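Trainee: I should like to go through the descriptive terms applied to this model and ask what justifies each of them.

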Amino acid sequence: MSADVPEWPTGLAAALADAMAAGAAAGGAFSTARSAALDAAEAFPGEECDLLDASGLARAYVPERLGGVAGGLPELLSALREVARRDVTVAVAHGKTFLGSVSTWVAGTEDQQRALARLVTDEYAVVAWGLTERGMGSDLLAGNLTATPEPDGTWRITGEKWPINNATRGRLICVLARTDPAGGPRGFSLFLIDKSALPEGAWEPLPKEPTHGIRGADISGLRLRDAPVPADALVGGVGDGLGIVLRALQLTRTLCAALSLGAGEHALRLVADFAVERALHGTRLALLPLARRVLGRAAASLALADAAALLGGRSAHGLPGEMSAVSATVKAGVPWIVQQAIDDLAELLGARGFLTEQHADGMFQKLERDHRIVAVFDGSTAVNRSLLISQFPLLARLIRKGSYDATGLAAVTGGAPLPELDPAALRLVSRTGCSIVQAVPDTAERITALAAAGDLPPRAAELAALLAERTGALADAMAELPPTGRNAPAAAFAVARQFEACFAGAAALHLLAVPCAADRAVVLTAALERCLELLVPGHQAPSDAFEPLVTPLVQPVEEPVR
């Protein structure tokens, strides 16, 4: 494998995989029987979270310079994906601490950051993020929880946050509070509240909410009553809250891809195992052409989503100024692509995909329910597509110009160590668009040259040319839309979905353009085939396009004894 090939970090993920496998083998944490029992009882996975603490996952929530693990956002994505491969509920329950902490990494003082880092890494403190309130949906400017300054510089906070992950179990919660009665973009501030330091009666938990998926997670709320908090609880300046949140969301939205990828890979493993075991019509399900097509296409979908997530995570380091566009695209696109794979795989399981006590302790129906919620986290799919739509004029113009940040893109698509993530470089609106998409025509030319030299299959060049053509058509479609505010037409959302597919295909294209092993080139070419199916109406990949991805999934498989 060439040193120039960008790969997912494997250090922490491998350690977590070993620890979870050991727990599962002993019939304890992460065993399918225990996961099923916790889900049925809607019980919090405390033993599982303790195992993850002991295995070092909490350190991945903290910047390296503050005592966290090396590797930045890609390392965290890789680690949390490994957990989600076992149980999305546990990944959601444990990973929330990063969401609760990230505002402090973005805008906290050095003292605030070091104090929080010690709590997370040394005491495994659970941190929640209190943004939403009852009846407000995703409209953060509608929040009514208020923070009132006192003459001595302290604050009094009153109101509710709901529904919040780990609102009850978390020791700390970062809340967005109204500090100007008039509200508005400068009317809100962030406070990191240590519940253990509040006087009795100043706070109370709201009841856990029953949920369709992630049933064991602590989805509850918090009520504050004139709660006194010190001056140093303020994160950033007064009135900076919304801007800090919007920049922090660029990181957390990208992280959600780990949940989707883990769920999708779990689904593929379960269904592939079933297909090998299932005997019918005198053969095995895994040997039937239709079943192989479904398995292969699902694997290609996951490879496509993987490419988008990998370059999305690396973009936080190499192209931080473009994360407003990249994070919205990854957050909307990856769960959408993965959900289609899960839906297709469910067809092969049939009724077993809905049963709770049959194949693999009912893990498929659990992960399917769990994954549905990922699209809602950190802004729904519609919210993220709206953010993308607002940037269409710039994106269309830059695609047409062929303009992109070549230096940043090289850092993202190369295998060299990434620069440290710099939260100060995150921007509310990208000034350079989305270089990963804008560079498609140039990268397609490189793919054509590699194919001509025999380094890539001819089909890769054909797909690259098609993707470049669709990228140009996408720019035209974006440019033809009227300027939109908050009321974008339905057609704009359809174009946003095309942009998501184009971004994922572009990511696979850039990875294919880097010298890599033949088996990886095969996987990335299959990912491009799947991308074109999503992008081009009526496009159907060749019958054998996904077959190379099936063989590793279902070996060995034998005809049943008759």
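Mentor: Let us begin with burial: a residue is called buried under 20% relative accessible area, exposed over 50%, and partly exposed in between. The model is a predicted one.

Trainee: Why is Asn166 called buried?

Mentor: The relative accessible area of Asn166 is 1%. The cut-off for burial is under 20%, so Asn166 counts as buried. Asn166 lies in the loop between β3 and β4 (172-178). Its phi is positive, about 65 degrees, although Asn166 is not a glycine.

Trainee: What makes His281 exposed?

Mentor: Exposure requires over 50%, and His281 has 73% relative accessibility, so the term applies. His281 is found in the loop between β9 (279-280) and β10 (283-284). Phi of His281 is near 55 degrees, again a positive value in a residue other than glycine.

Trainee: How do you know that Asn144 is exposed, and which residues does Asn144 contact beyond its neighbours within four places in sequence?

Mentor: The relative accessible area of Asn144 is 54%; the threshold is over 50%, so Asn144 is exposed. Asn144 sits in the loop between β1 (127-130) and β2 (146-149). With those sequence neighbours left aside, Asn144 is in contact with Glu133, Thr158 and Arg178. Contact here means heavy atoms within 4.5 Å. Between Asn144 and Thr132, 12 residues apart in sequence, the C-alpha to C-alpha distance is 9.8 Å.

Trainee: Why is Pro548 called partly exposed?

Mentor: Pro548 has a relative accessible area of 42%. That value falls between the 20% and 50% limits, so Pro548 is partly exposed. Pro548 belongs to helix α19. The C-alpha atoms of Pro548 and Ala526 are separated by 8.6 Å, with the two residues 22 places apart along the chain.

Trainee: Which peptide bond leading to Pro163 is cis, and where does Pro163 lie?

Mentor: The bond from Trp162 to Pro163 is cis, with omega near -15 degrees. Pro163 is in strand β3 (residues 155-165). The bond from Gln555 to Pro556 is also cis, with omega near -5 degrees. Pro556 lies in the segment after α19 (547-554).

Trainee: What makes helix α9 (residues 323-349) and helix α17 (residues 490-512) roughly perpendicular?

Mentor: Their axes come within 9 Å and cross at roughly 90 degrees. Angles of 65 to 115 degrees count as roughly perpendicular, so α9 is roughly perpendicular to α17. Among the residues making the contact are Val326, Val330 and Trp336 of α9 and Phe499, Glu500 and Phe503 of α17. By class, the contact has nine nonpolar, two polar and two charged residues.

Trainee: How do you know that the length of α9 agrees with the expected span?

Mentor: At 1.5 Å a residue, the 27 residues of α9 should span 39 Å, and the end C-alpha atoms are 38 Å apart, which agrees. Of those 27 residues, 22 are buried, so α9 is largely enclosed by the rest of the structure. Just after α9, Gly350 takes a positive phi of about 65 degrees. For α17, the expected span is 33 Å for 23 residues and the end C-alpha atoms are 34 Å apart, again in agreement. Helix α17 is mostly covered, with 17 of its 23 residues buried.

Trainee: Why is helix α4 (residues 72-86) described as largely enclosed?

Mentor: In α4, 12 of the 15 residues are buried, so the description follows. Leu73, Leu76 and Leu80 are among the buried residues of α4. The elements covering them include α1 (11-25), α3 (46-54), α5 (88-107), α7 and α8 (289-318).

Trainee: What makes a set of residues a nonpolar core, and which residues touch the most other members of the largest one?

Mentor: The members are buried nonpolar residues joined through side-chain atoms within 4.5 Å. The largest such core has 169 residues, of which Leu57 and Phe98 touch the most other members. Helix α7 (residues 241-277) gives the largest share, 20 residues. Beyond residues up to four places away in sequence, Phe98 touches Tyr61, Leu73, Leu76, Trp105, Leu251, Thr252 and Leu255. A second, separate core of 20 residues includes Ala128, Leu145, Leu198 and Ala233.

Technical notes. Residues are numbered from 1 along each chain as its sequence is written. This is a predicted model: local features need pLDDT of at least 70, side-chain atom pairs count only at pLDDT 80 or more; totals for chains, interfaces and linings use all residues. Side-chain values use heavy atoms; hydrogens and water are left out. Axes are lines fitted to C-alpha atoms, for helices over the stretch in contact, and angles run from 0 to 180 degrees between N-to-C directions. Helices (H or I, at least four residues) and strands (E, at least two) are DSSP runs, numbered from the N terminus. Angles under 35 degrees count as roughly parallel, over 145 as roughly antiparallel, 65 to 115 as roughly perpendicular and the rest as oblique. Ala, Val, Leu, Ile, Met, Phe, Trp, Tyr, Cys and Pro count as nonpolar, Asp, Glu, Lys and Arg as charged, and the others, Gly among them, as polar. Buried means under 20% relative accessible area, exposed over 50%, partly exposed in between (1.4 Å probe, protein chains only). The expected span of a helix is 1.5 Å times one less than its number of residues.
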